Amino acid sequence: RVEQLGVTDNFFDLGGSSLAMGQANGRLQEALQRKISMTETFQYSTVRTLAAHLSGVKQTGNAPELGNSKSRGERRREMVRGRRRES
């Protein structure tokens with residue numbers, strides 16, 4: 001339900017839930033014709049990090065899309081507040 005998705009956008013920051021992640025995981029496995037564990041999709045929650053992981057590319061340093069947990073948490077709270085206002 002997101003109009004634009006970038007490779008560095010975090011699934012959970014965009015409002016994704018664990019239930020939606022399960023659905024996305026199933027679709028990914030079907031599309032890629034390979035087994036991808038739920039742990040992998042939770043751990044690598046951006047397109048960039050999941051693609052790097054699945055292709056075996058080693059990531060070095062801090063990936064900028066991961067951000068710090070405080071700012072990610074705050075963004076998540078703001079998004080939830082915004083949804084409540086829309087309802």
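**Exercise 1. Decide whether Met-21 is buried or exposed in this predicted model, and find which residues it touches.**

Solution. Begin with the position of Met-21, which lies in helix α1. Next take its relative accessibility, which is 4%; because buried means under 20% relative accessible area, Met-21 counts as buried. Then look for its partners, leaving aside residues up to four places away in sequence: Met-21 touches Phe-11, Phe-12, Met-38, Thr-41 and Phe-42. Finally, compare sequence and space for one further pair, Met-21 and Ser-45, which are 24 residues apart along the chain and whose C-alpha atoms are separated by 9.1 Å.

**Exercise 2. Work out how the chain is built from helices and strands, and what percentage of its residues count as buried.**

Solution. The secondary structure of the protein chain comes to four helices and zero strands, and read along the sequence this gives the pattern α-α-α-α. Of the 87 residues in the chain, 21% count as buried. The accessible surface comes to about 6700 Å², and 51% of that surface belongs to carbon and sulfur atoms. To see how the chain meets itself, consider contacts between residues at least 6 apart in sequence: 42% of these join residues at least 24 apart.

**Exercise 3. Name the buried residues of α3 and say which helices they pack against.**

Solution. In α3, the buried residues are Thr-49, Leu-50, Ala-52 and Leu-54. The buried residues of this helix pack against α1 and α2, the latter covering residues 38-43. Continuing along the chain, α3 is followed by Gly-56, whose phi is positive, near 85 degrees.

**Exercise 4. Gln-33 and Asp-13 both lie outside the helices; establish where each is placed and whether each is buried or exposed.**

Solution. Gln-33 lies in the loop between α1 and α2, and with a relative accessible area of 68% it is exposed, because exposed means over 50%. Its backbone deserves a separate step: most residues other than glycine have a negative phi. Gln-33, although not a glycine, has a positive phi of about 55 degrees.

Asp-13, by contrast, is placed in the segment before α1, and its relative accessible area of 14% makes it buried. A distance completes the picture, since Asp-13 and Arg-77 are 64 residues apart in sequence and 9.3 Å apart in space, C-alpha to C-alpha.

**Exercise 5. Describe the largest pocket by its volume and by the residues that line it.**

Solution. The largest pocket has a volume of about 750 Å³. It is lined by 24 residues, of which Leu-5, Phe-11, Gly-16, Ala-20 and Ala-24 are the closest to its centre. The elements giving two or more residues to this lining are α1 and α3, the latter covering residues 47-55, and the largest share, six residues, comes from α1. Sorted by character, the residues of the lining divide into 13 nonpolar, seven polar and four charged.

**Exercise 6. Find where in the chain the confidence is lowest and where it is highest among the helices, and decide how the low-scoring part should be read.**

Solution. Start from the whole protein chain, which averages a pLDDT of 79, with 72% of the residues scoring at least 70. Confidence is highest in helix α1, residues 18-32, at a mean of 92, and lowest in helix α4, residues 69-86, at 66. Over residues 66-70 the pLDDT stays under 50, and for this stretch the model has two contacts beyond four places in sequence. The last step is one of caution: where pLDDT is low, the predicted coordinates should not be read in detail.

Technical notes:
Residues numbered from 1 in each chain as written. Predicted model: local features only at pLDDT ≥ 70, side-chain atom pairs only at ≥ 80, totals over all residues. Heavy atoms only, no water. pLDDT = per-residue confidence, 0-100. Contact = heavy atoms within 4.5 Å. 1 Å grid on protein atoms, 1.4 Å probe; cavity = no way out; pocket = protein on both sides within 12 Å on 5 of 7 lines; lining within 4 Å. Points joined across faces, edges and corners; volume = space filled by probe spheres on them. Nonpolar A, V, L, I, M, F, W, Y, C, P; charged D, E, K, R; others polar. Buried < 20%, exposed > 50% of the residue type's maximum accessible area, 1.4 Å probe, protein only. Areas by Shrake-Rupley, 256 points an atom, 1.4 Å probe, with all protein chains shown as cover.
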